[in-house]
Amino acid sequence: MNPNLKDISPNSPRRQILKTALTFVTGLTTTSLLSFLIPKSTKPAQAIVVQRPNEFELQGEGTHIKYSILNGVPQLDYRTQNISEHFSGDQIQTLAIDIGTLLTVIISRPPNPKLGGNIVRLSLLLPIINLVIGNTETSVQTEAILTTEKTSGFIRTPLFGQLQSYQTIVLKGTARYL
């Protein structure tokens, strides 16, 4: 009798004994022997092709944000009850980080920078999303941060203490590939 290992059931005690014996005799680890002991699949591997969204529509807490990349140019629309701003191209700072992509735009500046005042920035965190080809959208939840920074300008004396304050905005919406 000359059985093949692939003919032995995976949960069989006999297979476990053979695995242990081969490990002892060869000095190989059980993990390195798995390719010999586990039957190979006869199905061909299938690649799943994904695409990244190029448009995000988000809302929350009275804030609406639409971000898209059209013809390679980023566009961001920011709306609240009091503000409606459009940003494009170099006005949008983009930073790829481990937790996604961070987009930052300047919402407002002091009317006279020489006198100082507040600079307000919007930072939007876009999570990494893979869409299966043919599925053009998915729901998304993320956050934005409004940073208000006090500046002294060129004429005033330096400011002391905490110069930046933050307001987080929870956003929900849709990410899609157009």
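The following questions and answers concern a predicted model of one protein chain.

Me: How many helices and how many strands does the protein chain have?
Reply: Along the sequence, the pattern reads α-α-β-β-β-β-β-β-β-β-β-β-β. Counting each kind of element in the protein chain gives 2 helices and 11 strands.

Me: What share of the residues in the protein chain is buried?
Reply: A residue is buried if its relative accessible area is under 20%. The protein chain has 178 residues, and the buried share of them is 28%.

Me: Which strand gives the most residues to the largest nonpolar core?
Reply: This core has 23 residues, and Phe56, Ile65, Leu76, Tyr78, Ile107, Leu122 and Leu124 touch the most other members. Elements that give two or more residues to the core include strand 3 (63-70), strand 4 (73-79) and strand 8 (117-126). With 4 residues, the element that gives the most is strand 8.

Me: Which residues does leucine 76 touch, not counting residues up to four places away in sequence?
Reply: A contact requires heavy atoms within 4.5 Å. By this criterion, and leaving out residues up to four places away in sequence, leucine 76 touches Ile65, Lys66, Tyr67, Glu85, His86, Phe87, Ile92, Leu103, Val105, Leu122 and Leu124.

Me: How many bridges join strand 10 to strand 11?
Reply: One of the residue pairs to consider is leucine 146 with its bridge partner in strand 11, glutamine 167. Strand 10 and strand 11 run antiparallel, and the number of bridges joining them is 13.

Me: What is the bridge partner of glutamate 57 in strand 11?
Reply: Strand 2 and strand 11 run antiparallel and are joined by 5 bridges. In strand 11, the partner of glutamate 57 is threonine 174.

Notes
Residues numbered from 1 in each chain as written. Predicted model: local features only at pLDDT ≥ 70, side-chain atom pairs only at ≥ 80, totals over all residues. Heavy atoms only, no water. Buried < 20%, exposed > 50% of the residue type's maximum accessible area, 1.4 Å probe, protein only. Core = buried A, V, L, I, M, F, W, Y, C linked by side-chain atoms within 4.5 Å. Pairing = 2+ DSSP bridges.
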